[in-house]
Amino acid sequence: MEVINLARPPTSSSNNHDNKGYIVGVTAAAGTGKTTTLLHLAVRCLDLGHDNVTYVTFSKASATDAKQRILQMMQKYKHAGDDGDDEQRISASTLH
């Protein structure tokens, strides 16, 4: 939860060079919640107003699964009036 709570809205600077991306990596033993943490962080960042999120993992199957899980989480907590472009805001890929 500490990682998720550290997420901040994008800066509102008019200079696009000031809007840097951030890389978040979670290292821990198997079964400790790394994937769940990153999925919740992705949803939190999109909820805070970030234009897009890129989720990078080691396998194509894992990337596809992560994108679907993020979309499901967003749908579960969707607010009335959302414009429905969630799928375009999420990029999930492998390291290759």
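User: What percentage of the 96 residues of the protein count as buried?
Analyst: The model is a predicted one. A residue counts as buried when its relative accessible area is under 20%. Of the 96 residues of the protein, the share that counts as buried is 24%.

User: In what order do the elements of the protein run from the N terminus on?
Analyst: The protein has four helices and two strands. Strand 1 covers residues 53-57, and strand 2 covers residues 90-94. Read from the N terminus on, the order of the elements is α-α-β-α-α-β.

User: Which element of the protein has the highest mean pLDDT?
Analyst: Over the protein, pLDDT averages 82, and 83% of the residues score at least 70. Where pLDDT is low, the predicted coordinates should not be read in detail. Among the elements, helix 1 (residues 2-5) has the lowest mean, 78, while the highest, 92, belongs to strand 2.

User: Which element supplies the largest share of the largest nonpolar core?
Analyst: The largest nonpolar core has 16 residues, and Leu39, Ile70, Met74 and Ile90 touch the most other members. At least two residues of this core come from each of helix 2 (34-47), strand 1 and helix 3 (60-76). With six residues, the largest share comes from helix 2.

User: Is Ile90 buried or exposed?
Analyst: Ile90 is located in strand 2. Leaving aside neighbours within four places in sequence, Ile90 is in contact with Leu46, Val53, Lys67, Ile70, Leu71 and Met74. The relative accessible area of Ile90 is 3%, so this residue is buried.

User: What distance separates the C-alpha atoms of Ile90 and Lys67?
Analyst: Lys67 is among the residues in contact with Ile90 when neighbours within four places in sequence are left aside. The two residues are 23 residues apart along the chain, and their C-alpha atoms are separated by 6.9 Å.

User: Which residues is Met74 in contact with, leaving aside its neighbours within four places in sequence?
Analyst: Met74 is one of the residues that touch the most other members of the largest nonpolar core. Leaving aside neighbours within four places in sequence, the contacts of Met74 are Val43, Leu46, Asp86, Arg89 and Ile90.

User: What is the N to O distance in the salt bridge of Arg89 and Asp86?
Analyst: Arg89 is buried at a relative accessible area of 17%, and Asp86 is buried at 11%. The two residues are three apart in helix 4, so about one helical turn separates them. Their side chains meet in a salt bridge with an N to O distance of 3.9 Å.

User: Which residue does the side chain of Asp65 meet in a salt bridge?
Analyst: The structure holds two salt bridges. Asp65 is partly exposed, with 39% relative accessibility, and its partner is partly exposed at 31%. The two are four residues apart in helix 3, and therefore about one helical turn separates them. At 3.5 Å, N to O, the side chain of Asp65 meets that of Arg69.

User: What is the area of the nonpolar surface patch made by Val56, Phe58 and Leu95?
Analyst: Val56 belongs to strand 1. Its relative accessible area is 44%, so Val56 is partly exposed. Together with Phe58 and Leu95, Val56 makes a nonpolar surface patch of about 350 Å².

User: What percentage of the accessible surface of the protein belongs to carbon and sulfur atoms?
Analyst: The accessible surface of the protein comes to about 7100 Å². Of this surface, the part that belongs to carbon and sulfur atoms is 51%.

Definitions and conventions: Residues numbered from 1 in each chain as written. Predicted model: local features only at pLDDT ≥ 70, side-chain atom pairs only at ≥ 80, totals over all residues. Heavy atoms only, no water. Patch = residues over 30% accessible without salt bridge, like charges linked within 9 Å, V, L, I, M, F, W, Y side chains within 5 Å. Areas by Shrake-Rupley, 256 points an atom, 1.4 Å probe, with all protein chains shown as cover. Salt bridge = Lys/Arg side-chain N within 4 Å of Asp/Glu carboxyl O. Buried < 20%, exposed > 50% of the residue type's maximum accessible area, 1.4 Å probe, protein only. Contact = heavy atoms within 4.5 Å. Core = buried A, V, L, I, M, F, W, Y, C linked by side-chain atoms within 4.5 Å. pLDDT = per-residue confidence, 0-100.
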